[in-house]
Amino acid sequence: MEEEQKNNSVNPSRRSFLKNASLAVGGAVIGGGILNDLLSGKALAADKSSVDKVKPKDLETEARFLVKNGLVITLEKSDPDFMKADILVENGKITAIKPNIDISGIQVIDASGMIVMPGFVDTHRHVWEALVRGIGTDWSIATYLNTIYFQELGGKLRPEDSYIADLLGALEALNAGVTTMLDWTAINTPEHADALIQGLKESGIRGVFAHGTPITNITTYWAPDSTNMHPLDSRRIKKQYFSSDDQLLTMALAIRGPEFVSIDVTRKDIMLARELGAIASMHVGVGIAGVQKKPVLQLRDANLLGPDLNFVHATTLTDEELMLIGQSGGSLSSTPEVESQMGHGWTAVGRYISQGYRPSLGVDVVVSTGPDMFSQMKFALQVTRAIENAKILESGKDVAQLHLSAKDALEFATIEGARALHLDRKIGTLAPGKEADMIFVRTTDLNLTPVNNPIGLATLCANPSNIDSVFVAGKAMKRNGKLLNVDLDRVRRLASASAEYVLNAFGPTPRF
């Protein structure tokens, strides 16, 4: 009875809002649909209008095409910052970048008035949270963890909710020019894992699926005295979905790490990741816990550091710990916008660079922010500049020079992300031999006209509305400002119904 009362005690204004939003996109409600039906293309009873639209169309493109007349930013060290050039793509890979390529009988894509650049690489995002976007715009890290994890809002998702959440989250990333992202997941059951993977796969994005731990009965996993190692269903996931590294989706483990569980449990989780040949990604230096736990020192003392470890946030780590990450070949994922809001601490970007290493960037949680990397580049650059500038002013001097450039931020969002995910041999720059993950940014839009500084425009002036085209491995995912091969009405309908179900099942949340 208490549980029934809890589920029925939803904030009336939220219930009305969700009901109206659902009706506005067709009034469909999932209401206990069967995951297999959803994933196999059979329409749910309440979604009959999409009966022949559920299964996505093939993401077709010409096997060979030529991009002409673009203003190309390759980010290759041997190339100029930008150049007027053509790009030849064959079977998903770039085979030539140079001016005036002339080939007859080939599909030509005119990129006049466009900046052509590598797609963004987001190294840390909780993709499923697109389903509950916006509810945390005034949340601290304590409120976020208490709501999503320890009060188990994330534990209310059914497999079909996980599917549409990751499909929605991946599509919004693609729409914003993110061609690759690490999805840091919470896996409540094996069926949830299957559904999340299906959502990512259907979107067509390049992704690293970071298999996580449950957030139901949370203290059995997320507690200092937990003895539970990472779920062993990860072995099935690796064998069933990720047997080859030569595919768009690859695998990592989203582990808890020594800031949240013991070093002994962390050792077991890292050893499992190494058995699977997977990166192990963990949150460290999150607010006061990072100061108290010294997680990277624990890993060093346990002889566990290595190039297969990815560290997220690191805002309250010591300089020594940041140095140890870099020296070990590990990677840092900074999410500067969310870190600035929630109380993680000042972004570690500047301190990590001062140790001689380069960070990557991530969006983190779209309960609190938008899905684009333009914002993350801006926050990383400007907050780091502000910290450094304040030190100079405090010394009694004026700021004479900025020590972090727009190009640095663009590299953090592209090639450094690719390196962090061990994908830099494939993506992150535009170069012959690499896969054609690229985006076109319209410079004819008023906020980018005239083109005086292409890298500065792409980093600090552009936004997702300026993205004309997105390609993943040579496949067109977005053209002329529109996502391709996706029924957006269906996505909106299913997402609205799932959001209503999940939030109503959870009950009252902090005011938003």
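Two residues are in contact here when they have heavy atoms within 4.5 Å of each other. Keep that in mind as we walk through this model, which is a predicted one.

Let's start with the whole chain. The protein chain holds 18 helices and 17 strands. Of its 512 residues, 58% count as buried. Now take the contacts between residues at least 6 apart in sequence: 75% of them join residues at least 24 apart.

His 283 is a good place to see such contacts up close. You'll find His 283 in strand β10, which covers residues 279-284. Is His 283 buried or exposed? Its relative accessible area is 9%, so His 283 counts as buried. Leaving aside neighbours within four places in sequence, its contacts are His 124, His 126, Trp 184, Arg 256, Glu 259, Phe 260, Val 312 and His 313. With one of these, His 124, there's also a polar contact from side chain to side chain, at 3.2 Å.

Two of the residues touching His 283, Trp 184 and Phe 260, bring us to the rings. Together with Tyr 144, Tyr 149 and Trp 222, Trp 184 and Phe 260 make up one aromatic cluster.

Strand β7 (residues 178-184) is home to Met 181. Met 181 has a relative accessibility of 1%, so it counts as buried. Which residues does Met 181 touch, if we skip those up to four places away in sequence? The list includes Asp 122, Arg 125 and Val 127, along with Gly 169, Ala 170 and Leu 200. In sequence, Met 181 and Val 121 are 60 residues apart, yet their C-alpha atoms are 5.6 Å apart in space.

Back to aromatic rings. The count of aromatic pairs in the model comes to 10. Tyr 241 and Phe 242 form a tilted pair, with 6.2 Å from centre to centre and 55° between the planes. Phe 242 counts as buried because its relative accessibility is 1%, whereas Tyr 241, at 26%, is partly exposed. Another tilted pair is Phe 440 with Phe 471, at 5.4 Å centre to centre and 45° between the planes. This pair links distant parts of the chain: Phe 440 belongs to strand β14 (residues 438-442) and Phe 471 to strand β15 (residues 467-472), 31 residues apart. Both Phe 440 and Phe 471 are buried. A ring can have a charge for company too: the charged end of Arg 158 sits over the ring of Tyr 501, 3.6 Å from its centre.

What about empty space? The structure has two cavities of 30 Å³ or more. The largest cavity holds about 60 Å³ of space. Among the residues lining the largest cavity are Trp 128, Leu 157, Asn 188, His 192 and Ile 215.

Finally, a few words on the backbone. Most residues other than glycine have a negative phi, and most peptide bonds are trans. Leu 75 isn't a glycine, but its phi is positive, at about 65°. Leu 75 sits in the loop between β1 (64-72) and β2 (83-90), and it counts as buried because its relative accessibility is 6%. Asn 91 also has a positive phi, near 50°. Asn 91 lies in the loop between β2 and β3 (93-98), and at 67% relative accessibility it counts as exposed. As for peptide bonds, the one from Thr 449 to Pro 450 is cis, with omega near 0°. Pro 450 is in the loop between β14 and α17 (454-461).

Conventions: Residues are numbered from 1 along each chain as its sequence is written. This is a predicted model: local features need pLDDT of at least 70, side-chain atom pairs count only at pLDDT 80 or more; totals for chains, interfaces and linings use all residues. Side-chain values use heavy atoms; hydrogens and water are left out. Rings of Phe, Tyr and Trp (its six-membered ring) pair if their centres lie within 6.5 Å; planes under 30 degrees apart count as stacked, over 60 as edge-to-face and the rest as tilted. Buried means under 20% relative accessible area, exposed over 50%, partly exposed in between (1.4 Å probe, protein chains only). Helices (H or I, at least four residues) and strands (E, at least two) are DSSP runs, numbered from the N terminus. A charge sits over a ring if NZ of Lys or CZ of Arg is within 6 Å of the ring centre and within 35 degrees of the ring normal. A polar contact is a pair of N or O atoms within 3.5 Å; within protein, one must be able to donate a hydrogen and the other to accept it, and residues adjacent in sequence count only if both atoms are side-chain atoms. On a 1 Å grid over the protein atoms alone, a cavity is a set of points where a 1.4 Å probe fits but cannot get out, and a pocket is an open set with protein on both sides within 12 Å along at least five of seven lines; lining residues have an atom within 4 Å of a point. Grid points are joined across faces, edges and corners, and a volume is the space filled by probe spheres set on the points.
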